[in-house]
Amino acid sequence: MACRLRTFLAGSVVCVGLGALAACSGGGFFGEREPWRKEAEARCIGSGAVREGPGVVRISAINGPGMCGADFPFRVSSLGVAAMLSFGDELRPPGSVVGRRVELAGKNAIYFVTIENCEIHETGDVGISANSGGTYEGLRILRNHIHHTHGTGEGMYLGCNDDGCRVANSLIEGNYIHHTNSADVEQGDGIEIKEGSYGNTIRDNVIHDTTYPGIITYSTVGNGPPNILEGNVIWNSSDNTIQSAADVIIRNNIVLGNISLQTHQAGSPGNVQVVNNTIINSGAGIDVRNVVGSVLIANNAVYSQGEAAIRLISGNLGLVTLAGNVGHGGLSGGSSGYTEGKGIAADFVNAHYGVPSIDVFPRSGSALIGTASAANVPALDFNGSSRTGTNDVGAYRYNAAGNPGWVISAGFKTSGTVVRPNPPTNLTAQ
Ligand SMILES: [Ca+2]
């Protein structure tokens, strides 16, 4: 599969100018692209900030209102530069992906960059990073294969510590990330969404064999809407499998490990929803510490071999709502919203406390079928199937004919039965 990196005038100087002018225009929705944008693009190209060449070629105009369209978009495709990949203030062609990382670097801001179908491995540091600019908005990191990182070793490192920069309204979808746990890796998170980042959707990624968490998110610190983690599969993390501080929706994931809600940097659990996940672990399935705001834990299938399935440990536990959870191991720190199931063998087609091969689709007669809290059932399930008219616990909507979707395996998650709506693209950066 060809490695494709596409950028629509990602130079920060240009985009900051566009953003500022968009704000001055009143922020309304435009059905057609405003003429001044074409003029601004032409001025940018005329300034020499963007240079065409063998690896940077002009492609057809992209129709779309506001900042979504581009009259002079470029495709960046050439490989072989000795330095790390870098986009930003200077638009440069990408370097070799093998042995080097992809870095999105800009002093001020980067918007609407797509990194798609790349294989990134044997890196000396993280696989893909976006942590030296101001705000990165509208990134699309799709179907990349990232593995065997080194150094700090994260598969993706998106944003900065303590809201020093942030990734916003971006889509991280369908990537396969594994073995960020080499002996020389210092951290090795699968996907790390740093503090202050907001409005990102991280979905349908397959992540396994990580040193630090498979997916970790921090607080948005009030910058924008929560991040959404959905439809991901994660196993074999040496740390928490999913860890979040605050401002997150975690739904329809299959977690062969645990979910931990806990304080990190400025964030503590609040504005959190953990809904319709399937969690199977030798230890506790869900741990909740230092609660400071609303936490909803609903309709999860949580099977723990040796501990409580759900542990409410510390903070203002009066702010935690539990409803419709089913599992094994019991509930600690709460009194309702959890029911003991029939056991891992009776409730799933073919599950065990371990790694794939595993099939956590509900078995006929499962305690998961029809027992969810109806008020908290999401629109879709792990496969992207509609849950309308159903009421099942865990990541899957039950189907008597069996799992209609992808079988969990060490590889890319192939598409479900419907295409989920993408995050908004008609965005105006401030
Ligand atoms: Ca890290």
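Here are a few questions and answers about this predicted model.

Reader: Which residues touch the most other members of the largest nonpolar core?
Author: Happy to start there! This core holds 90 residues. Those that touch the most other members are I286 and I310.

Reader: Where does this core lie with respect to domain 1 and domain 2?
Author: Domain 1 covers 4-239 and domain 2 covers 268-422. Because both give residues to the core, it lies between them.

Reader: What does I310 touch, leaving aside residues up to four places away in sequence?
Author: Good one to look up in the structure. With a contact taken as C-beta atoms within 7 Å, the list includes I286, which shares with I310 the top place for touching core members. In full, I310 touches G285, I286, I297, V302, N325, L331, S332, G334 and Y338.

Reader: Which residue in β10 is the bridge partner of I110?
Author: Let's begin with the open sheet of 3 strands, ordered β6-β10-β14 with parallel pairing. Its edge strands are β6 (109-111) and β14 (166-168), each pairing on one side only, and the twist averages 10 degrees from one strand to the next. Strand β6 pairs with β10 (residues 135-137) over 3 bridges. Within β10, the partner of I110 is Y136.

Reader: Are the residues on the two faces of strand β24 buried or exposed?
Author: Strand β24 spans residues 248-251. One side carries V248 and I250, the other I249 and R251, and all of these are buried.

Reader: Which residue in β27 is the bridge partner of R251?
Author: Strand β24 runs parallel to β21 (residues 227-230), joined by 4 bridges, with I228 opposite I249. Another 4 bridges join β24 to β27 (residues 272-275), also parallel. There, R251 has as its bridge partner V275.

Methods. Residues numbered from 1 in each chain as written. Predicted model: local features only at pLDDT ≥ 70, side-chain atom pairs only at ≥ 80, totals over all residues. Core = buried A, V, L, I, M, F, W, Y, C linked by C-beta atoms within 7 Å. Buried ≥ 20, exposed ≤ 12 C-beta atoms within 10 Å, placed from the backbone. Domains from an automatic or database assignment. Contact = placed C-beta atoms within 7 Å. Pairing = 2+ DSSP bridges. Axes fitted to C-alpha atoms, helices over the stretch in contact; angles between N-to-C directions.
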